[in-house]
Amino acid sequence: MGKSWALITHLHTVAGPTITLLYPLYASVCAMESPTKVDDEQWLSYWIIYSFTTLLEMIAEPVLYWIPIWYPVKLLFVAWLVLPQFKGASFIYEKLVREQLKRYRARHLRTGPAVDAADDQKVHIAKVQ
């Protein structure tokens, strides 16, 4: 039991960086060199979501420390993001990130500095006439 447990633990420590960094790095380079842009979107989506997950993990570390299954759950989540059969990163980007960006842009365009400047110009033109 001791040797098999040591092997499982060692595989666990190798699987994490391989799934989260090495394979996505390799696939991103391959996507950059390919003529199609579909794979570029998948890997850009992955890096956006992985970065956000890492930031959240850094903030929540004191709480996550007490959750023993966090790392395996994170590995399963990242595997779902990475594996081309699932295209989880593209799915999350389309359903969550893009929707939030659309809402932000719509709100910002309505009340942003460009609108304020245009309103100021209209007021100035009205005063001149």
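**Salt bridges, burial and helices in a predicted chain**

Modeller: In this predicted model, Glu57 and Lys74 are both buried.

Biologist: What makes the contact between Glu57 and Lys74 a salt bridge?

Modeller: The label needs a side-chain nitrogen of Lys or Arg within 4 Å of a carboxyl oxygen of Asp or Glu. The side chains of Glu57 and Lys74 meet at 2.8 Å, counted from N to O, so this pair satisfies the definition. The bridge links distant parts of the chain, since Glu57 belongs to helix α2 whereas Lys74 belongs to helix α4 (residues 70-82), 17 residues apart.

Biologist: How many salt bridges does a search of the whole structure find?

Modeller: The search finds three. One of them joins Asp40 and Lys37, whose closest N and O atoms are 3.7 Å apart, and another joins Arg98 and Glu94, with the closest N and O atoms at 2.4 Å. Both distances fall within the 4 Å cut-off, and therefore both pairs count. In general, side chains of opposite charge can pair when their charged atoms come close.

Biologist: Why is Asp40 called buried, and what is Lys37 called?

Modeller: Buried means under 20% relative accessible area, and exposed means over 50%. Asp40 has 14%, so Asp40 is buried, whereas Lys37 has 59% and is therefore exposed. Asp40 lies in helix α2 (residues 38-59) and, leaving aside residues up to four places away in sequence, touches Ala31, Met32 and Ser34.

Biologist: What are Arg98 and Glu94 called on that scale, and how are they placed in helix α5?

Modeller: Arg98 has a relative accessible area of 29% and Glu94 has 30%; these values lie between the two cut-offs, so both residues are partly exposed. Because they stand four residues apart in helix α5 (residues 88-111), about one helical turn separates them. As a general matter, an α-helix has 3.6 residues a turn, so residues three or four places apart point the same way.

Biologist: How do you know what span to expect of helix α2, and which of its residues are buried?

Modeller: The expected span is 1.5 Å times one less than the number of residues. Helix α2 has 22 residues and reaches 32 Å from its first C-alpha to its last, which is close to the 32 Å expected. Its buried residues include Trp43, Tyr46, Ile49, Tyr50 and Thr53.

Biologist: What makes Val63 count as exposed, and which surface patch does Val63 help to make?

Modeller: Val63 has 55% relative accessibility, and because exposed means over 50%, Val63 counts as exposed. Val63 is found in helix α3 (residues 61-64) and, together with Ile67, Ile69 and Val73, makes a nonpolar surface patch of about 350 Å².

Biologist: Which residues does UniProt list as "transmembrane region", and what does the model show over residues 47-67 and 73-93?

Modeller: The unreviewed UniProt entry lists residues 6-26, 47-67 and 73-93 under that name. In the model, residues 47-67 are 81% helix and 0% strand, with the end C-alpha atoms 25 Å apart. Residues 73-93 are 76% helix and 0% strand, and their end C-alpha atoms lie 20 Å apart.

Biologist: What does the chain contain as a whole, and how much of the chain is buried?

Modeller: The chain has six helices and zero strands, and buried residues make up 22% of its 129 residues. The accessible surface comes to about 10,100 Å², with 72% belonging to carbon and sulfur atoms.

Technical notes:
Residues are numbered from 1 along each chain as its sequence is written. This is a predicted model: local features need pLDDT of at least 70, side-chain atom pairs count only at pLDDT 80 or more; totals for chains, interfaces and linings use all residues. Side-chain values use heavy atoms; hydrogens and water are left out. Patches are made of residues with over 30% relative accessible area and no salt bridge: like charges are joined within 9 Å, nonpolar side chains (Val, Leu, Ile, Met, Phe, Trp, Tyr) within 5 Å. Accessible areas come from the Shrake-Rupley method with a 1.4 Å probe; for residues, only the protein chains shown count as cover. Helices (H or I, at least four residues) and strands (E, at least two) are DSSP runs, numbered from the N terminus. Buried means under 20% relative accessible area, exposed over 50%, partly exposed in between (1.4 Å probe, protein chains only). UniProt positions are given in the numbering used here, feature names are shortened, and annotations may be inferred rather than shown by experiment. Contact means heavy atoms within 4.5 Å.
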